[in-house]
Structures are given as C-alpha cells and as structure tokens.
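Me: I am new to this structure and should like to learn how its features are read. May we begin with the vocabulary?

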Amino acid sequence: MTADRDSALLRWLFLAPTMLGIGIFVVLPIVGSLALAFFRWDIITSPQFVGLENFADLATDRTVGISFLNTAVFVVVAVAAQLVIAMLLAVLVSSRMPPWLRVFFRSTFFFPLVLSAASVSILMKYLFNESYGVINWLLSLVGVPAVPWLTSPQWAMVVVIAVYVWQNFGFSFLLFIGGLSSIPTEIYEAGSIDGATGWRQFRHLTLPLVSPTVLVASVMAIISALQVFDQPYVLTRGGPGDSTRTVVMVIYESAFRELEFGRASAIGLVLMVLIMFVTAAQFRLARRFVFYQ
C-alpha cells in the first residue's frame, strides 16, 4: 500500500511542473481574459464593472464590423487557395518520380512554414513595393505599369492572402501527402480496370479516401486563418484605410494602443465563440462528406 502511494506521489511530482505551467500561462490568462470582457480597464485606473456594455458597443463599432468582414473574406479565399494548392502539389509529388526528387519537393514546399511570419512579411513588403519592388520591376520588363500592391484597397488584401498562402500551404501539403500514402495501391489498380483514370480517379477514389485528411487540414487551416495577424500587420498595418484590418489586429490595437483591455477581451471572446461555432459546423458537415475506410 505504501509502495502504491509512493508511486502515485512520484507521478504527481513529475506532472507538477507541467500542470503548474499550464495553470499559470494558459488557464489563468484565459479565465482572466473572459472576466475582463465584462470590465472597463486601462491599467492605470481600477477595473470598472460594466456588464455587457463592451459587447453592446461592438455591435455599433464600425471598425470591428469591418475587421470581421475582412477576416471572413480572408478565411474563405486563403483557406480555399491553401487547400487546393496543397492538394494539387501533394497529388503531383505522390505520382511516379525518383525518390530523391520527391524528398526535395517535400522539403522545399514545407520550408516556408519554418520561417518567421514577420520576417517573411518584411521580405515580401520589399518585393511588392510599388517604387523599387522586384515584382513591379519584372512587370515593367513586359510593359506593365507599376501596380500599387500595398497601397491600393483592391490589391492589398490580394498580397496579404498570397503571402499567407505561400507560407502556410506546406502544412496542409504534408497532411495530404500522409493521407495519399495511406491509400492502398490495390484500389487504384481496381479502379483502372473499371476505367477510372485521371480526373475520374481523383474525383471518385482519391478524394473520398483522403476526405478525413481534408477535414483535419480544413479545420486547422480555418482556425489559423481566423487568427491571422502577422502578415496584414507587417505588410499594410491594416490599410489602406481598414481594407486589410483583421479581428486580431483590432484586439491588439484596442489593448496595447488604446489601453481598452475590456473591449479587447470582449472581441477576443466573440472570436473564440466564432471559432468554436465554425469548427462544430465543420464536424457536423463531415458526417455527410467524410468517408472513413
């Protein structure tokens, strides 16, 4: 009995540092943020309880509304582009080619993901600069006038999406590579006998069999895209105007520029509920569209 008690105590001692870290750096900030959403606080003065006033103000806040709209557009376009590009490249890399070439492509496509989002965005900001950027210089060689990539409301979001997709599609690519490699070759052989080749093979065999991987990739991609911050902040600072301002940027500006921590926490709580709702909807739809072998 004593040995069992000592063994249990030893297990708790090993778990204690991790549990303590999670409690201090994860649980407490989450609880504090949820509570702060019902207060008005600027760090300087004492917190003032305002109930649901912070949430009521969000309903009439133009900047918040635009940021949610921008984020919705960003998520739809960026996630769709990320998944399509990742799937296309995964199918191509999984086709017949020398093993060393397959390893090369896998490493190359995944490499942008290990880079800092801020450093990549700084580099891209120079590439897309209207006056001295490489992109406009290349366009000038074929007679295309300089494009205001980062100063035009029409082009700024396009650049932000392109930079985000370029850096993040590698993760979905690796997930799809894993999903494709798990499909038995016998299925393709049987399908080819029945005349399923090319697009028909992809549509009726590959896509249904890899659908669980598509679900995981889409859930993770949407959660990540809903929290986008680095690319629009570094590239455009949310401009021109509010054309690329996202929800997380508004949270950052409310908290650390305007010192309205209650407002920032309220926006964060709304975003968390939105993420949970979208994720639940995805798993609900998965019952109809995901095929488990």
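Reply: Helices (H or I, at least four residues) and strands (E, at least two) are DSSP runs, numbered from the N terminus. In this protein chain there are 13 helices and 2 strands. The model is predicted: local features need pLDDT of at least 70, side-chain atom pairs count only at pLDDT 80 or more, and totals for chains, interfaces and linings use all residues. Residues are numbered from 1 along each chain as its sequence is written, and side-chain values use heavy atoms, with hydrogens and water left out.

Me: Why is the protein chain said to be more spread out than a compact globule?

Reply: The radius of gyration is taken over C-alpha atoms, and the globule rule is 2.2 Å times the number of residues to the power 0.38. For 293 residues that rule gives 19 Å, whereas the protein chain has 24 Å, well over that value, so it is more spread out than a compact globule. The C-alpha trace spans about 80 × 75 × 35 Å along its principal axes.

Me: How is the packing of helix 4 and helix 7 read, and at what angle do they pack?

Reply: Two packed helices are described by the angle between their axes and the distance between the axes. Axes are lines fitted to C-alpha atoms, for helices over the stretch in contact, and angles run from 0 to 180 degrees between N-to-C directions. Helix 4 (residues 99-110) and helix 7 (residues 153-181) pack at about 145°, with axes 8 Å apart. Contact (heavy atoms within 4.5 Å) is made by Phe105, Arg106, Phe109 and Phe110 of helix 4 with Phe169, Gly170, Phe173, Leu174 and Ile177 of helix 7.

Me: Which residues of helix 5 are buried?

Reply: An α-helix has 3.6 residues a turn, so residues three or four places apart point the same way. Buried means under 20% relative accessible area, exposed over 50%, and partly exposed in between (1.4 Å probe, protein chains only). In helix 5 (residues 117-127), the buried residues are Ala117, Val120, Ser121 and Met124. They fall within an arc of 100° seen down the helix axis, so they line one face of helix 5; the arc is that of the directions from the helix axis to the C-beta atoms. Leu123 and Tyr126 are exposed on the other side of helix 5. The cover over its buried residues includes helix 7 and helix 11 (230-236).

Me: Where is Thr71 placed, and is Thr71 buried or exposed?

Reply: Thr71 belongs to helix 3 (residues 62-94). Thr71 is buried, at a relative accessible area of 2%. A polar atom of its side chain lies 2.7 Å from the backbone oxygen of Ser67. Leaving aside residues up to four places away in sequence, Thr71 touches Ala225, Leu226, Thr246 and Val247.

Me: Which backbone features occur in the loops, at Ile43, Arg237 and Pro240?

Reply: Ile43, in the loop between strand 1 (39-40) and strand 2 (48-49), has a phi near 75°, a positive value in a residue other than glycine. Ile43 is partly exposed, with 47% relative accessibility. Arg237, in the loop between helix 11 and helix 12, also is not a glycine and has a positive phi of about 55°. Pro240 is found in the loop between helix 11 and helix 12 (247-256), and the peptide bond from Gly239 to Pro240 is cis, with omega near -5°.

Conventions. A polar contact is a pair of N or O atoms within 3.5 Å; within protein, one must be able to donate a hydrogen and the other to accept it, and residues adjacent in sequence count only if both atoms are side-chain atoms.
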